[in-house]
Amino acid sequence: DKKVVLITGCSSGIGLSLAVRLASDPDKTFKVYATMRNLAKKERLLESVKDLHRDTLDILQMDVTDWQSILDARDRVVEKRIDILVCNAGVGLVGPLEVQSLDSMRHILEVNLLGTIQTIQAFLPKMKAQNQGRILVTGSTGGLHGLPFNEVYCASKFAIEGACESLAILLQHFNIHVSLIECGPVHTDFLVNLQKAELGDTSLQQVDTQTLKLYEKYLQHCSSIFQNAAQDTEDVVKVFLDAIQSPSPAFRYFTSSAGPPVTKLKVTEPDGSYISAMSKVIFSGEEQQFCS
Ligand code: NAD
């Protein structure tokens, strides 16, 4: 029997690459339900799988902020079970905190946090009843340490860490493995899709000049990191595969070795060394081994 996989956010980026890789598996190990909010965007996925997908791929509409849409997608799974659930959909929000509207902050939390939790809620009872399953969540190093001008995004990703850790403890008793795949910068549509305050925006007129100067530096840092250190989705997909193929998957996987030292520093030096180190990296352009 094929392993039934459902992935959220498959119209681009990591979700698309993972869906393509699993649906094109030479041994046809997987049946992939690639879900996306807007089915009009399915062409890119279809082009990427070409003819390989006849009995290994189905594309379903699913908006993770819409409970009914999650239930409708679940009902369309022919096998009536999911072996591997991949919660991947997410959006970014970048800019000085004081200009973020309540609506845009709500949206980020609704997609990244509640969207992930609601997706898990919809599939959890069946997984528990089967006494087996995998839940993989696309995490972010921004869910492990803070990043300036990303307060709400980081809050949403930190919150996912808490939700997943809590669930993982319980779900051990149901033979369900929860894994977070912690990504640093990855070449995807993330930067295009994120809500970002641009330097010339009228919304920034109310912001003090010191913040704007730092914001400009942050944006430069961010674009140089994405140019020089971002991973390709294929590298991230390999880590997902490790987790999927392991008989006893780890709780956390880091897609790049740049991740763990920062998190370690944060835990071992509670005086806040991490905060000043990160500030130097981002605002003084000091290169260090950790950048994300
Ligand atoms: P992406 O923008 O290419 O993909 C995100 C996908 O989520 C898109 O296809 C988008 O349409 C989808 N999405 C947004 N709102 C949705 C909704 N309401 N319902 C269903 N789908 C929705 O970017 P990506 O980098 O592939 O992002 C995937 C995940 O990786 C996200 O959770 C993101 O936070 C995380 N991540 C990305 C990076 C990076 O640098 N690219 C770094 C760390 C973590």
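Helices here are DSSP runs of H or I covering at least four residues, numbered from the N terminus. With that in hand, welcome to a short tour of this predicted model, starting with a residue in one such helix.

**Val-20 and its neighbours**

Val-20 sits in helix α1. Is Val-20 buried or exposed? Its relative accessibility is 15%, and because buried means under 20%, Val-20 counts as buried. Leaving aside residues up to four places away in sequence, Val-20 touches Leu-45, Ser-48 and Val-49. For a sense of distance, take Phe-283, which is 263 residues from Val-20 along the chain. The C-alpha atoms of Val-20 and Phe-283 are separated by 38 Å.

**Around the ligand**

Helix α1 also leads us to the ligand, since α1 (13-23) is one of the elements that supply at least two residues each to the shell around the ligand. The others are β6 (133-140), α5 (151-171) and α6 (190-193). Which element gives the largest share of that shell? It is β6, with three residues.

Altogether, 29 residues surround the ligand. Ser-12, Ile-14, Asn-88, Thr-188 and Asn-193 are the closest. Sorted by class, the shell holds twelve nonpolar, 13 polar and four charged residues.

Three of the polar contacts are set out here, each ending at an oxygen atom of the ligand.

| Residue | Protein atom | Distance to a ligand oxygen |
|---|---|---|
| Ser-12 | polar side-chain atom | 2.7 Å |
| Ile-14 | backbone N or O atom | 2.8 Å |
| Thr-188 | side-chain N or O atom | 2.7 Å |

How much of the ligand does the protein cover? Taken alone, the ligand exposes 820 Å², and the protein buries 97% of that.

**The cysteines**

A disulfide is a covalent bond between the sulfur atoms of two cysteines. How many disulfides does a search of the whole structure find? The count is zero. Cys-10 is in no disulfide, and the nearest cysteine sulfur, in Cys-87, lies 11 Å away. Cys-10 itself is buried, with a relative accessible area of 0%.

Why is there no bond between Cys-87 and its closest cysteine sulfur? That sulfur belongs to Cys-164 and is 7.6 Å from the sulfur of Cys-87, which is too far for a bond, because a disulfide needs the two sulfur atoms within 2.5 Å. Like Cys-10, which is buried, Cys-87 counts as buried, at 3% relative accessibility.

Conventions
Residues are numbered from 1 along each chain as its sequence is written. This is a predicted model: local features need pLDDT of at least 70, side-chain atom pairs count only at pLDDT 80 or more; totals for chains, interfaces and linings use all residues. Side-chain values use heavy atoms; hydrogens and water are left out. A residue is near a molecule or strand if one of its heavy atoms lies within 4 Å of it. A polar contact is a pair of N or O atoms within 3.5 Å; within protein, one must be able to donate a hydrogen and the other to accept it, and residues adjacent in sequence count only if both atoms are side-chain atoms. Accessible areas come from the Shrake-Rupley method with a 1.4 Å probe; for residues, only the protein chains shown count as cover. Ala, Val, Leu, Ile, Met, Phe, Trp, Tyr, Cys and Pro count as nonpolar, Asp, Glu, Lys and Arg as charged, and the others, Gly among them, as polar. Buried means under 20% relative accessible area, exposed over 50%, partly exposed in between (1.4 Å probe, protein chains only). Contact means heavy atoms within 4.5 Å.
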